[in-house]
Amino acid sequence: MSSTNHAHFPLNNLRWGNNSHGTPGTHTTHSSKPPKTPAPIYRHAAPSGPWPWMDLESDTKLETEPASPARESAEQVKWRGYPQSLFGNWVADRVSRCKMVENCSKDPREKCRIYYVDVLETGLFKPAQDTGPPIDVDERALNKLWDHLQIQPTSLRLRVLLVDNMKHPVLQMLGTRYNIEPFFFTSSLNWIPSRYQEEVIKKKGDHITVTLLFVRAVSWGVTAPSSQNKHISDSERAIDTQESLRLRSGTVLSLIDGIVDQKFLVRSSAEKYLLQDLLALHMIRSSDPSGSTIISYHPNAQWDRTTAERLKNLVHKVGESVYWQKIFEQSKDPSFVFLAILWYALYAWDESLDHLYTHMNWLETNVLLTNDSHLTTELHTIQAQLLHYASLLEDFRKSVNFVRNTPNPGLESSEFTEHSRRDTNKLMRKECDNLLSEIDRLGFQLRNITDLVRIFAPLDLSTINFDVQAKATVNFVDSRRMQDLTTATVRDSASMKQISYLTMIFLPASFIASVFGMNVREIISGATETLANYVTVSVTFTVLTAWLVVAFQAHSPFHESGTGFWRRLAWPVTYIMRPTGLRQSLRSQPVVDI
């Protein structure tokens, strides 16, 4: 069977130019950090905008596209007029503004390679070892590539084309061959998130585009010296969310008397960055046999982002998944492969947030134990980046919802029965909901990290003394404890008041019962004791008890502090004789003349 397939797949045996398969971009020199991505211009993201790549404040008249030289046949020169040959409003000035040509790879050392993955009609993925090498585009033999793109493959459900180092002629060929709206290339080349459907033909098919920015954690080979990181000018401290976020981690090995010794503060030598990556997919969905195609654009080697070869290997592994293979067998809709590729962005998000949480633990330790103002600046940078990440994650959610709510028009064709159409739509909603559920989990995780940053970001160590902050923190804790203690005291006081009210009710009755229970002659005839004896004994023992209680107290207003026990026994006499005692109180009373 494989030999038969090779006869129908001419791209499998197609090779031009240099046959080596070195990693793209190996000749480039790494800078101290990943390059910054351009700020997206959202108004130019989709074809629904009536003025593509126009500046409303400018009255510059758009030029017309110059005619192509008629040195080749009309069929061969057709692709050279793209995009104006298919989309008349895309004239030369508009193409120049969108940088469609400028942002394509121009470095002759960067080889444009086209990788591909084939999905057979049965839903099985063609094995990688049977697929053959990628297409190395030779710019000196472009017509040969164009001729091969015209050949329609057979016995396929879907073909996935992944392009590394997109050259402008290759862009024109793909756009002409598959009738691609130029907005797919402009949004991809300019890093603009977009999602739209066009070329909808009932019972036949359509075109859908998803350009998605996501965050990915990467290791960077070159580390800037720590001295360069410590001394940053005010102009360089401006927060730019398009910059990559540097991550660090470390542990404190020594803590002496509450002070961190800087020589024991370990900073991780491994540099990781959270950078913005791009997933740009355009899908032609067709009910025609072997008519469905996914085209994946990948940034040039200078960006050091996800390569076409890397994504091609991941797409092949989708075919090895038992879960997804059952889905491909249940439904013939090629849109499920498109949805499976979107999971790559979720995996990247998940790994990135794990690294970011580890970095936040490192910052938490160092912010609390050191007086490094640069860490506070870093916290504010992370706070701004988190807001940007939240918007990117929301774009991811909208893209999945777009796929969920945009069914394949080919499902209405005679190839699908009513039962299979209903099952396919139900399965698509189910798988989209699974992905949306994971995005919700990422959103919750991102909010937790944002809340953690908000706790530590206000601790501006560059303007507030750390000791003052520590004392303020202690006072705050003490005030909270005093507030809790006061609340408890008020609650106990209310309980005691209730007990007092209850005692007042029974006190008169108790007193009367005690009086009538006394064994004295005045109450009970024949008793041996009298009420006078009771009063004498009671008063005597009351005075004796009060005398002993005051004598046993080391601190009392009735005697001087530090007085010995035997002298305290004579406290009634000493208190009367003290100048500050009763005598002084009597002397201070005013004399009233009668």
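**Figure 1. A buried pair, Asp277 and Arg216, in a predicted model.** In this predicted model, Asp277 and Arg216 are both buried. They form a salt bridge, and their closest N and O atoms sit 2.6 Å apart. Asp277 belongs to strand E9 and Arg216 to strand E5, so the pair ties together parts that are 61 residues apart in sequence. A further group to look for is the network of Asp350, Glu438 and Arg441, joined by salt bridges that share partners.

**Figure 2. Arg285 meets Asp206 in a salt bridge.** Here the side chains come to 2.8 Å, N to O. The pair links distant parts of the chain, with Arg285 in strand E9 (residues 272-286) and Asp206 in strand E5 (residues 205-219), 79 residues apart. Are these two buried or exposed? Arg285 has a relative accessibility of 3%, so it counts as buried. Asp206 is buried too, with a relative accessible area of 1%.

**Figure 3. Asp395 pairs up with Arg195.** In this salt bridge the closest N and O atoms are 3.7 Å apart. Look along the chain and you'll find the partners 200 residues apart: Asp395 is in helix H12 (residues 373-404), and Arg195 is in strand E4 (residues 194-201). Asp395 is buried because its relative accessible area is just 12%, under the 20% cut-off. Arg195, at 25%, is partly exposed. Across the model, the count comes to 19 salt bridges.

**Figure 4. Trp303, a buried residue in a loop.** Where does Trp303 sit? It is found in the loop between strand E10 (293-297) and helix H9. Its relative accessibility is 16%, so Trp303 counts as buried. Setting aside neighbours within four places in sequence, Trp303 is in contact with Pro35, Lys36, Thr37, Pro38 and Trp191. Asp277, the residue from the opening view, is 26 residues from Trp303 in sequence, and the two are 9.1 Å apart in space, C-alpha to C-alpha.

**Figure 5. Inside the second largest pocket.** About 530 Å³ of space lies in this pocket. Which residues are closest to its centre? Of the 19 that line the pocket, they are Arg310, Leu314, Trp343, Tyr344 and Tyr347. Helix H9 (308-320) and helix H11 (335-369) each supply at least two residues of the lining. H11 gives the largest share, 7 residues. Sort the lining of this second largest pocket by type and you get 11 nonpolar, 3 polar and 5 charged residues.

**Figure 6. Stepping back to the whole chain.** With the close-ups done, here is the setting they come from. The chain has 18 helices and 10 strands. How many of its residues are buried? Buried residues make up 42% of the 594 in the chain. About 32400 Å² of the chain is exposed, and carbon and sulfur atoms supply 57% of that area. Now take the contacts between residues at least 6 apart in sequence: 77% of them join residues at least 24 apart. The salt bridge between Asp395 and Arg195 is one example of a link between distant parts of the chain, and the one between Arg285 and Asp206 is another.

Technical notes: Residues are numbered from 1 along each chain as its sequence is written. This is a predicted model: local features need pLDDT of at least 70, side-chain atom pairs count only at pLDDT 80 or more; totals for chains, interfaces and linings use all residues. Side-chain values use heavy atoms; hydrogens and water are left out. On a 1 Å grid over the protein atoms alone, a cavity is a set of points where a 1.4 Å probe fits but cannot get out, and a pocket is an open set with protein on both sides within 12 Å along at least five of seven lines; lining residues have an atom within 4 Å of a point. Grid points are joined across faces, edges and corners, and a volume is the space filled by probe spheres set on the points. Helices (H or I, at least four residues) and strands (E, at least two) are DSSP runs, numbered from the N terminus. Ala, Val, Leu, Ile, Met, Phe, Trp, Tyr, Cys and Pro count as nonpolar, Asp, Glu, Lys and Arg as charged, and the others, Gly among them, as polar. Buried means under 20% relative accessible area, exposed over 50%, partly exposed in between (1.4 Å probe, protein chains only). Contact means heavy atoms within 4.5 Å. Accessible areas come from the Shrake-Rupley method with a 1.4 Å probe; for residues, only the protein chains shown count as cover. A salt bridge is a side-chain nitrogen of Lys or Arg within 4 Å of a carboxyl oxygen of Asp or Glu.
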